[in-house]
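This report describes selected strands and backbone features of one protein chain. The sequence and coordinates come first.

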Amino acid sequence: MSKRRIKKVAIIGSGIMGSDIACHFANIGVDVLLLDIIPRELNAKEKAQGLSLDDKVVRNRLVNEALAASLKSKPSPIYHKDFAKRITTGNIEDDIAKVAQVDWIMEVVIERLDIKKQVFENLEKYRTPGTLITSNTSGIPIKFMSEGRSEDFQKHFCGTHFFNPARYLKLFEIIPGPKTDASVLDFLNGYGEQFLGKTSVIAKDTPAFIGNRIGIFSIMSLFHTVKDMDLTIEEVDKLTGPVIGRPKSATFRTVDVVGLDTLVHVANGIAENCKDDERLELFKLPNFIDTMMENKWLGSKTGQGFYKKQVAADGSKEILSLDLNTLEYRSAKRAKFATLELTKTIDKVVDRFKVLVSGKDKAGEFYRKTFAALFAYVSYRIPEISDELYKIDDAMKAGFGWEHGPFQIWDAIGVEKGIELMKAEGLKPSSWVEDMIASGSTSFYTVKEGASYFYDIPTKSQEKIPGQDAFIILDNIRKSNEVFKNSGVVIEDLGDGILNCEFQSKMNTIGGDVLAGLNKAVDLAEKDFDGLVIGNQGANFSVGANIGMIFMMAVEQEYEELNAAIKYFQDTMMRMRYSSIPTVSAPHGMALGGACELSMHADKVVAAAETYIGLVEFGVGVIPGGAGSKEMALRASDTFRKGDVELNILQEYFLTIGMAKVSTSAYEAFDLGILQKGKDIIIPNKDRQIATAKAHARLMADAGYTMPVKRSDVKVLGKQALGMFLVGTDSMEAANFISEHDQKIANKLAYVMAGGDLSEPTLVTEQYLLDLEREAFLSLCTERKTLERIQHMLKTGKPLRN
């Protein structure tokens, strides 16, 4: 059988999900045909233009408007604006025959079985046998949708459920129908992970599948608990947010974003179709939800839900909160709990759970109640919704943004302790949990030789989780493969002659210990290994240099120490480039300031698609001082071509720093000159990143890597460029577009990127530019307004304009 390739897909239905899914396929380089129905009547604009229902522009109006709205939405569904050109639009009357040429047809129409069946009947007339055909339903049974279709159709048909927004949420549920071929499931499972960048989970054809079944239970359970314990919505959002590894939007803000009506629709569907669910009563809507539905307080889509933004007469804004007792909006109340204070010094979320369930206050009681209910519920869902417990954890992490799944949390608290919590609430786990303990297993997960294992219920033994051979999980190898460790980094042996330097500082900031660790990693690699990866699996690669350290030195006027610290940072970045082994940076999430400078100096970057990278130092009143300003001047020089206006090219690189531009995806970083085409690569799945970076380091070493020769040919434009920049910043300040202090920072950057006030274009060394950069950085650190900006950033996490 020939290998299945996906070159073109057809998406039927261009609503929010349809358009978003179309964009995500375009993101990964696939041609997309996006089809929808035709309008039944002209709108006012079409009438004024004298158009008829037969005109193509009218017939494609619905699909084109839907796609345009999706592309304008924030956050963007597309990695790069040019990728939208990969999407062709049409309508299902004129263009349905084109589905014969695609490799995968996906239905994303309204959640009504009768309409879906009509769509499939029509599609089968034109579908080429062997073509994948799937539905993005969020809950309609798959078995009903393919009834009456041909054997080939049913063999290649299943559910493929993306979570909204399709680009950002990683869960990809695959739900087989009664006759789905096993090879189709295997293909989609692998394609979702490798190409779409998802966590693929093969689910059973049960109501709401896995993610929504557990997620909606968790929210509905909270709705009842909040009333029983007389908690405010602020208190619940405080208790169910980042402190337990959940998104900042926590519970009630998340419901406002998703839409209360959406949640109620799924909850009602579970209540109607899961009559044997032992917690069926929790899916019945509390009175306050009924009232909110009647009042159309559905969240962001109707302007108010659990929270409401109010604009006063003077233009000031206030976020009001709904009082669940009076159902009236009031000013927000601050939520504070003694138990949460005890976790402030515990950096790893997984280490907090034991402390949280031991709390003596209302927070402790809340966690005991909610975790007991969750643990009991997930235990009874096996084998109903999944035969393997790890799939439930995978679904909750990928679909709801939980850092840890229910069974992982249960392990962190202790399996027997979890049962104890249940008993205190009048609950008990499914019998297989008791059997597990009796068999001698004391946890749901174990790690052996760098691989993760899960408790398999039928065999009563720990089995290896499939599909992880393409990954390197640093948590699993950190202790066994440690080569060096300090307070800032752990250096691990990845095998095959490649080391990894993993940041361990708070938010992975780059301070003295991290810099020392990076230098140590190069030393070790040059002595006993063949290459070095700089990567981690935290929420973000790194938020940049430790500005707190810079602030303290500047306040104390320890300028010699500050100069030495900045030089050490610069020298470390240069060591990334000029060493005898290949260096590969693996950024993901936020890679700001110093983290961006580090990536720009590695021999290669293997970036996750969701990488938000940029030189943001202007926001704290300085210029990039860790070789970033130098590097942008060098890259501008390398871009100068005969016939081009060199000043214009230099200005583009200058503005990247001056406007503190941050890419909204790794692909945009090519436009900013931060990533380089032909050298750096992007992968859709962050989970594969360390393994891919290791492979590239090995490849470069095997190809005969030689340390680059230090550059002495950087062309700077001197006074010609400096004059242009100074005139520009002067006019910007005069027009009140920038502050006086902004102008001062911009002029310092201009001096560096122009190479100083040289009388004519000159070729200079990198060290020449580094010295100019360091001098400019230090001079800005003596400015009161710079210190105010740094202090404001440290306090609020937001830049100050002064």
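The text below covers a group of parallel strands, an open sheet and a few backbone outliers.

The model is predicted. Strands of a sheet pair through backbone hydrogen bonds, either parallel or antiparallel.

**Strand β4 and its partners**

Strand β4 comprises residues 104-107, and both of its faces are covered. On one side W104 and M106 are buried, and on the other I105 and E107 are buried. Strand β1 (residues 8-12) pairs with β4 in the parallel sense over 4 bridges, with I11 opposite M106. β4 also runs parallel to strand β5 (residues 132-135), and 4 bridges join these two strands. Here the bridge partner of M106 is T134 in β5. Between β4 and β5 the chain passes through helix α5 (residues 113-124), forming a right-handed β-α-β crossover.

**The open sheet**

An open sheet of 7 strands has mixed pairing and the order β15-β16-β17-β18-β19-β21-β23. Why do β15 and β23 each have one side without a neighbour in the sheet? Strands β15 (482-485) and β23 (681-683) stand at the edges and have a single partner strand each, so one side of each is left without a neighbour. On average, neighbouring strands of this sheet are turned by 20 degrees against each other, direction ignored.

Within the sheet, β16 (residues 489-495) and β17 (residues 498-503) are antiparallel and pair over 6 bridges. I491 has C501 in β17 as its bridge partner. The loop between β16 and β17 contains D496, a residue treated below for its phi value.

**Backbone outliers**

Most residues other than glycine have a negative phi, and most peptide bonds are trans. The table lists departures from both patterns in this model.

| Item | Feature | Value |
|---|---|---|
| K74 and P75 | cis peptide bond | omega about -5 degrees |
| N164 and P165 | cis peptide bond | omega about 0 degrees |
| L327 | positive phi | about 55 degrees |
| D496 | positive phi | near 60 degrees |

The prolines of the two cis bonds lie in loops: P75 between α4 (61-72) and β3 (87-91), and P165 between β6 (157-162) and β7 (171-176).

L327 is located in the loop between β10 (317-323) and β11 (328-331). Is L327 buried or exposed? Its relative accessibility is 19%, so L327 counts as buried, the cut-off being under 20%. D496, in contrast, is exposed, with a relative accessible area of 55%, where exposed means over 50%.

How values were computed. Residues numbered from 1 in each chain as written. Predicted model: local features only at pLDDT ≥ 70, side-chain atom pairs only at ≥ 80, totals over all residues. Heavy atoms only, no water. Pairing = 2+ DSSP bridges. Axes fitted to C-alpha atoms, helices over the stretch in contact; angles between N-to-C directions. Buried < 20%, exposed > 50% of the residue type's maximum accessible area, 1.4 Å probe, protein only. Right-handed = clockwise from strand over helix to strand, strands pointing away.
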